[in-house]
Amino acid sequence: MSEKMAISFTVNGNRETREVEVGHTLLKFIRDELHLTGTKSGCEIGECGACTVMLDGKPVNSCLVLAVEIDGKELLTIEGLTENGELDRIQKAFIDHAAFQCGYCTPGMIMSARALLERTANPTDEDINQALSGNLCRCGAYQEIREAVKAASKK
Amino acid sequence: MLNYSYVKCKDLTQAYDLLEKEEQVYPLAGGTDLIVGMRGGKFAAKIIVDIKDLPELKILEENDQGIVIGAAVTLNEIATFKPIIDHALVLAEGAHTVGSYPIRNRATLAGNICNASPAADTAAPLMVLNAQVKITGSHGKRTVSINEFFVGPGQNVLKKGELVESVLIPRPYPNGTGVYLKASRTGSVDLATVGVAVQSWDNKVQVAVGAVAATPVRAISVEKAVNENGEKDLARAASLARDDISPITDLRGSREYRYHMAEVLIRRGIEKVMEV
Amino acid sequence: MAELKTVGTSVQRKDAIEKVTGSAQFIEDRYMGPMLHAKMKKSTVAHGKIKNINIEKAKAHPGVKAVLTGKDYPNKIGLYLIDRDFLAIEKVRFWGEPVAVVAAVTEKAAAEAVELIEVEYDELPGVFDPRESMKDDAPIIHEDLGSYEIVPIFYPKPGTNIANHFKLRKGDVEKGFAEADVVIEKEYYVPQMQHVPIETHKAAVQWGLDGKLTVWSTAQSPNVVRQLLAKSFDIPMHKIRVISSYIGGGFGCKAGASVEGLVIPLAKMFPGYIVRIVFNREEDMQGTFTRQALFSKLKTGVRKDGRITALEYEMIWDGGAYTEYGVNIVRAAGYSSTGAYDIPNVKTDSYCVYTNNSIGGPVRGFGMCEMQWGIERQIEEIAKQLDIDPLEVRMINGMKKGSTTAAGQVVQDVDYHKCLKTVADQIGWGKKEGKFRGKGIAGLVKCPAQPSNAASSAIIRINEDGTAHVMIGATEMGQGMLTVISQIASEALNIPIDKIDIKVPDTDFTPYEWQSVGSRITYTCGTSVKRAAEDALGQIYRIAADLLETPQADLTFDGKMVYSTKDPEIKATIREIADSCKKCTGEGIAGPIIGRGSFVPTNMTNLDPETGQGNPGLFYCFGATGAEVEVDPETGVVTVLQLAAAIDAGQAVNPQLCKSQLHGGTIMGLSTALYEEVKFDKGVMLNRNFTDYKISTIDNTPHIESFIIETPETNGPYGARGIGEQPMIAVAPAVANAVCDALDIEFNTFPLTPEKVWKAIQDKK
């Protein structure tokens, strides 16, 4: 069975209408159909957070959302953070604090951080820890990430 | 890629009609257990009925009956809903320990209990709050106490064609405090090795424990000792939980450690709510 | 040394913008052309003869293009001991071993077809404990061990399951024990762990219509992949091109060759197509390298004054089903077997033993975490028995300039004592903070484990405008190689770093690099880059001398301009020099400037087969970790209150990135200290996803106080040495030592899970 459905949604500010396979996750759709490859796959069971994107303003694991579910919704991926080539404040802070190493978890980490700063303007270490605990970084940039998110919140 | 048909439900009737008439139909609310289960081969779904955006399931409100939590309400919504924080903090705490923040943006309370994992972090809190599960289906509506909802690992009382519409935290609310204590391997995003909910009502306590039996269970023996027999030695009271639970050994902990941790967390929980 | 400009500064990472915007391309992010998807069929028994494989149903499945089995892959593969089949041929040796591979037009069709392959096994008795596996009556896992090709520095025992027996004899161990006042003997166990980089193993392969094989891979070491594939598939090297993109974490599991070969025969069947394989998390965990478990026995003799006089170390490593790489971990642990201490008399036997568990292989630390766990725990026992401060025991026996390693190599450029003292001061050593609180310190040393002739090379192209391209074969997996290597080039060339471009490797265009492993790239690749820069700079001076008709000795280059120190009016811009320089008469002087540099160690030797004596270390990096913990005696939960880490980097090329490595290694070490253990049931890996296998998260990672010590490495580029793996090594013992201090209980294994700690407390009662 390979059922398709038409859906309309906004991705990084652009309206789109697409036919999607109902069997596909949002992660697969973002990467293979929208070709937004900044969103990464790391576990496909919602444990690593590499696929974190924002859906209607909230961070979600795109491996645990079906592509069809975004009908009528607003999707923001890492590619939507830069405007006219200008990095957002979190991206800049991640660079300043070297808050990444291999960079594979980074897009998901930044999306979770962005969602945090949208709901909590001045997060404490504990807020940051809670918000990012679903984003695994095996390189162990956690200390730098905490510093970067704090610094970004002050900008 | 998975093989199934997808139906975005227009109303509840459509959902339970499909659940009634078709085979291998699964409701999709948060999807966080469903999609993992389908991928891992636990659920062989042929039809997925998406109920997440049905307005009647999005209800999160306080009325004269109590706090109504619709089946599509997410755990993050629950953990930050003021009446829950004010009157049912134990549930907010339990909900907050499920998965990570992005998971809790999708995962629902109804999903957490319908999945019926013995380790479900909202189950024990609901038990000590005397929650009622509102079930709906083609044969009408019924209400089941959360204490009767779980049947076994992955099994609940829902019959074919039924789904959970909402969960009610009934009035009167407990006038004491509640706490959810969770032991896990990492103290971070993790399943419970043991999860304990304790709620005080007047000078009495209600205690429920997760991940120590085939279903989440009430620690009746402990409650009896404290509430009826006036046991003041809380360690001794907590040790009676051994009669109420029958943990297994798995990757997260041994039977022996679970027995021990249930005792410790129950005692600590009671101390906390009684401000000992 | 002249004052440094770029080296020693925290310049921005070269990969920074790509990585924070999601535009950094990893293998799976590239669209390369029409694609077929490959998927493995895995064995369902841990040890068994393959009776029959029926692939007919799978072949007939819609979308399937081909199904191959082991007989389609005649040659074995291996880095040091060529013992590994791409696909199992006559028998399977671990649960989950690939037995067939499918290529299909979609991932879904490939996955479905795999389910249609029917394999019948005659199950054989398995062996899952290397100590059992060494016994005479153990089932033999590799019957043909005697005929395997092997690098002749390893010593397998054909007819047994011993893939390598490394022997080390230094001094006179009997005499050493006779001199001792106290002899301590203990057993230790370190379980398997997994690297779990967030990016799994992936490879895409294209067999070109012209017969050229292109491999895109998550490989840490594209040159080694090329070498191994060339040998296994009998293809000349110029017909193989291996491209490594950015790598989403390596930690050793992407060293050597892994998944690439699986898809090559498929690619050969469909010239022009890209055949891609992407391991899912479960495949990645059970099908690639696992850190070898270690069962060890350690006996030390010590005088009353705290001086260790003798050490006898027996290590039995669980090599798993294939030990093509693991044999060298066992060797490295053997020749390093005194840890960071100068011990005159040593007898070590380190055995790499086949079992039917998952394949053992390299992990950050390369045997040092496991081996030095025993050393650092036993020092605590020594201190206890002699009633001397354990820090003092470390100070008394710690290596200094001129000390000799277990292998008898003399170490230079060492300040291990400063590392120890730094972390001790930071955590307030000697002050007991309360009941159930404790402090612990552990030290570490590690040299790169590499062949004595493991080489590096570099090419620097100076563009017509004086900007430069640095070309090297090292890979960027997060460690910051691109940035550090650019800094070394910038320093040596005197060209600003923002005028230097550098990219990840492509074996058709970038020069040879042995492997990006062993914390060696800053030193080895850095040295070749420095030499290439010096070569280019020499050309700049020679050309300028010719152009300006001025002796080279009178010229100086400031990055933009070459001018005479005697007459600043005699000058030429770098553009004039680099852009195919000509005289005012129009006569050409020189074409484009291309600097070349290469490096091969000259200070390493083979080791004596009987005594293990020789020079196995290119350089030695020392460090220390200090921890303070609080234990909840009821639950067994260990909370780390303080964590301090010091590493002797020689010269931090980029202090910010150096600290990143120090923090990252410490966090990985802490994760293994408290949580990580791969669990097997008769070879079946039980915790093979992130729900069951837990690693550190941000919310259980404490703040780390980190210290870079700088005792310059005489032969390192600008005094630098590599530090990538080292920070992990001392963490588990430091934390365990702190827990032991808190509870007065010995722990001879880790992770220190709440349950394990609780159980130890119960056992003590």
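Here are legends for four views of a predicted model.

**View 1. Chain B on its own.**
Let's start with chain B, whose secondary structure adds up to twelve helices and 14 strands. Its radius of gyration is 18 Å, and the globule rule gives 19 Å for 276 residues, so chain B is as compact as a globular protein of that length. If you lay the C-alpha trace of chain B along its principal axes, the spans come out at about 55 × 45 × 30 Å. Now look at how the chain connects to itself: among contacts between residues at least 6 apart in sequence, 59% join residues at least 24 apart.

**View 2. Inside and outside of chain B.**
How many of the residues of chain B count as buried? The answer is 61% of the 276. As for the outside, chain B exposes about 10,600 Å², with carbon and sulfur atoms supplying 50% of that area. Charges are worth a look too: chain B has 31 positive and 32 negative ones, and the mean positions of the two sets lie 4 Å apart.

**View 3. Where chain B meets chain C.**
Here 21 residues from chain B and 19 residues from chain C make the contact. Which residues of chain B lose the most area to chain C? Look for R185(B), L251(B) and Y257(B), which together make up 36% of what the chain B side buries. Between the two chains, the buried area is about 1,800 Å², and carbon and sulfur atoms give 52% of it.

**View 4. A helix tucked into chain C, and the contact with chain A.**
Find helix α11 of chain C, residues 390–397. Six of its eight residues are buried, so the helix is largely enclosed by the rest of the structure. The buried ones are P390(C), L391(C), V393(C), R394(C), M395(C) and N397(C). What covers them? Among the elements of chain C that do so are β15 (308–320), α10 (368–386), α12 (416–427), β18 (437–446) and α17 (731–743).

Now move over to chain A: 55 residues of chain C are in contact with 46 residues of chain A. The area buried between these chains is about 3,800 Å², of which carbon and sulfur atoms give 57%. On the chain C side, keep an eye on V20(C), I198(C) and I698(C), which supply 22% of the area that chain C buries against chain A, more than any other three residues.

Conventions. Residues are numbered from 1 along each chain as its sequence is written. Chains are lettered from A and ligands numbered from 1 in the order in which they are written. This is a predicted model: local features need pLDDT of at least 70, side-chain atom pairs count only at pLDDT 80 or more; totals for chains, interfaces and linings use all residues. Side-chain values use heavy atoms; hydrogens and water are left out. Helices (H or I, at least four residues) and strands (E, at least two) are DSSP runs, numbered from the N terminus. The radius of gyration is taken over C-alpha atoms; the globule rule is 2.2 Å times the number of residues to the power 0.38. Buried means under 20% relative accessible area, exposed over 50%, partly exposed in between (1.4 Å probe, protein chains only). Contact means heavy atoms within 4.5 Å. Accessible areas come from the Shrake-Rupley method with a 1.4 Å probe; for residues, only the protein chains shown count as cover. Lys and Arg count as positive and Asp and Glu as negative; His and the chain ends are not counted. The place of a charge is taken as NZ of Lys, CZ of Arg, CG of Asp or CD of Glu. Buried area is the accessible area (1.4 Å probe) that two parts lose on being put together, summed over both.
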